[in-house]
Amino acid sequence: MREFALEAEVTGVTLDELLPIETRAQLRLIKMDIEGVEVLALRGMERFLREVRPCLVVEAYDERLKLFGTTLAEMRAFIEGLGYRESRPWDGNVYYDPAR
């Protein structure tokens, strides 16, 4: 498989900024597969994760995360630091439920 490197400038917005509180409160599951920028996305929804407490399914691999300066272990530590617990063994996805 060949890897291609492309550069693009994009405007980012966090989930906390994007969705009104009424809409955020209805979300119960977040599924992410964004090729290495999962930690950046999680940081952009930190308030949402603390307040709404949805379940998380995050596809993540060290090789991709390292391209953006983080690791699977760091991602797990961030999620667990928000009060989540891993609910299933890793299979390419990490599964987290909010600890109550």
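Arg53 sits in the loop that links α4 to β2. In this predicted model, the phi angle of Arg53 comes out near 65°, a positive value in a residue that isn't glycine. That catches the eye, because most residues other than glycine have a negative phi. Arg53 also counts as buried, because its relative accessibility is 14% and the cut-off for buried is under 20%.

A second residue invites the same kind of look. Glu35 is found in the loop between β1 and α3, and its phi is near 50°, again a positive value in a residue other than glycine. Is Glu35 buried, or is it partly exposed? With a relative accessibility of 44%, Glu35 counts as partly exposed, since that class lies between the 20% and 50% cut-offs.

Stepping back from the loops, the secondary structure of the protein adds up to 6 helices and 4 strands. Walking along the sequence, the order reads α-α-β-α-α-β-α-α-β-β.

What do these pieces wrap up between them? The largest nonpolar core has 21 residues, and the members that touch the most other members are Leu42, Leu49, Leu56 and Met75. At least two core residues come from each of β1 (29-32), α3 (38-43), α4 (46-52), β2 (55-59), α6 (72-81) and β4 (93-98). Of these contributions to the core, the largest share is that of α6, with 4 residues. Met75 makes a handy example of how the chain comes together: leaving aside residues up to four places away in sequence, Met75 touches Glu38, Val39, Leu42, Val58, Ala60 and Val94.

Contacts that reach far along the chain show up in the protein as a whole, too. Taking contacts between residues at least 6 apart in sequence, 60% of them join residues at least 24 apart.

How does the overall size fit with all this? The radius of gyration is 14 Å, which agrees with the value near 13 Å that a compact globule of 100 residues would have. Along the principal axes, the C-alpha atoms fill a box of roughly 40 × 35 × 20 Å.

As for inside and outside, buried residues account for 34% of the 100 residues. The protein exposes about 6,800 Å², and 54% of that is supplied by carbon and sulfur atoms. On the charge side, there are 14 positive and 19 negative charges, and the mean positions of the two sets lie 5 Å apart.

Terms used:
Residues numbered from 1 in each chain as written. Predicted model: local features only at pLDDT ≥ 70, side-chain atom pairs only at ≥ 80, totals over all residues. Heavy atoms only, no water. Core = buried A, V, L, I, M, F, W, Y, C linked by side-chain atoms within 4.5 Å. Buried < 20%, exposed > 50% of the residue type's maximum accessible area, 1.4 Å probe, protein only. Contact = heavy atoms within 4.5 Å. Rg over C-alpha atoms; globule rule 2.2 N^0.38 Å. Areas by Shrake-Rupley, 256 points an atom, 1.4 Å probe, with all protein chains shown as cover. Lys, Arg positive; Asp, Glu negative; His and termini not counted. Charge placed at Lys NZ, Arg CZ, Asp CG, Glu CD.
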